[in-house]
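User: Please take a close look at the salt bridges here. Then follow the chain outwards from them, in short sentences.

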Amino acid sequence: MSSTPPISPAGSGTSTRPYLIRALHDWCTDNGFTPYVAVFVDASVQVPTEYVKNNEIVLNVGFEATSSLKLGNEFIEFKARFGGTSREIVVPVDHVIAIYARENGQGMAFPVPNEASSGSAAADAASPEAPVARATHLSLTEAPRPDAEAAGEPSEPPEPPAGGRPSLKRVK
C-alpha cells in the first residue's frame, strides 16, 4: 500500500478556503440554517452587477435558492433567480470573503483578495472605469482605562461579555 507523504507545514500546499467553505456550507445545511456567502466582485466574478454594492455582493447558496450548485476548489458555480430571471453565477473561491448562517451570523471571514492575487483585477485597475477595491482590516483596540487604574490602583479584570460565542454580523 503506497501513500503520499503529507505536505509539510512550510510548503505552500493548496488553499484551505474551498474546504472551509464546503465544511461551513454543510454545517449550515445540517443544522437547518441558510448559508450565505459574501463575495468581493471584480471582472473575474460572474454575478448580476445590478445587485453589487461597494464591490461586494451577498449570495444565498442554500440548496433551496440554487440549482446545480458546485462548490469546487477553484470556483463556486450555480444557477439562481434574481428578480424572476435565472442567472448563471460563477465566483472564484479566492473572492469569497465570508460564509455564514443567515439566522445567527455564525461563520468565517476570509481576507479580501488584492490586485496581485486576483489576476485580471490588476489589468482592470489601469482602466478608468475599474472599480476601486475596498480592503477590510481588523485590528485590536484597547478599552478605555477605568479611573482607578489610571490613578495607579489595581482594578478587577473586566467581565467577559454575556451572550456566548462571538458571531459574524452581516453589514449592508
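Analyst: A salt bridge here is a side-chain nitrogen of Lys or Arg within 4 Å of a carboxyl oxygen of Asp or Glu. Counted by that rule, there are 2 salt bridges. The model is a predicted one.

Take E50 and R87. Their side chains form a salt bridge, with N to O at 2.7 Å. This pair ties together distant parts of the chain, 37 residues apart. E50 sits in the loop between β1 (35–40) and β2 (56–60), while R87 belongs to strand β5 (residues 85–92). R87 has 27% relative accessibility. Buried would need under 20%, and exposed over 50%, so R87 counts as partly exposed.

Now E103 and R102. Here the N to O distance is 3.5 Å, and the side chains again form a salt bridge. E103 is partly exposed, at 38% relative accessible area. R102 is also partly exposed, at 44%.

Next, the surroundings of R87. Its strand, β5, is part of an open sheet of 3 strands, ordered β3-β4-β5 and paired antiparallel. The edges are β3 (67–71) and β5. Each has a single partner strand, so one side of each lacks a neighbour in the sheet. On average, neighbouring strands of this sheet are turned by 25 degrees against each other, ignoring direction. β3 pairs with strand β4 (residues 75–82) in the antiparallel sense, through 3 bridges. One contact to look up in that pairing is S67, whose bridge partner in β4 is K79.

S68 deserves a look as well. This residue lies in strand β3. S68 is not a glycine, yet its phi is positive, at about 60 degrees. S68 has a relative accessible area of 48%, so it is partly exposed.

Back to the loop that holds E50. N54 is placed there too, between β1 and β2. N54 is another non-glycine with a positive phi, of about 55 degrees. Its relative accessible area is 58%, which is over 50%, so N54 is exposed.

From that loop, go back to β1. This strand runs antiparallel to β6 (96–101), joined by 5 bridges. Within the pairing, V39 has V96 of β6 as its bridge partner. β6 has 6 of its 6 residues buried, so the rest of the structure largely encloses it. β6 also pairs with β7 (107–109), antiparallel and over 3 bridges. There, A98 has A109 of β7 as its bridge partner. β6 and β7 make a hairpin with 5 residues between the strands. In this hairpin, G105 takes a positive phi near 75 degrees.

Last, the helix. α1 (residues 17–30) has 14 residues. From first C-alpha to last, α1 reaches 20 Å, close to the 20 Å expected at 1.5 Å a residue. Its buried residues are R17, P18, I21, L24, H25 and C28. They cover an arc of only 130 degrees around the axis, so they lie on the same side of α1. What do the buried residues of α1 pack against? The partners are β1, β3, β4, β6 and β7. Just after α1, G32 has a positive phi of about 80 degrees.

Technical notes:
Residues numbered from 1 in each chain as written. Predicted model: local features only at pLDDT ≥ 70, side-chain atom pairs only at ≥ 80, totals over all residues. Heavy atoms only, no water. Helix = DSSP H or I, 4+ residues; strand = E, 2+ residues; numbered from the N terminus. Buried < 20%, exposed > 50% of the residue type's maximum accessible area, 1.4 Å probe, protein only. Pairing = 2+ DSSP bridges. Axes fitted to C-alpha atoms, helices over the stretch in contact; angles between N-to-C directions. Expected span 1.5 Å × (residues − 1). Arc of directions from axis to C-beta. Contact = heavy atoms within 4.5 Å.
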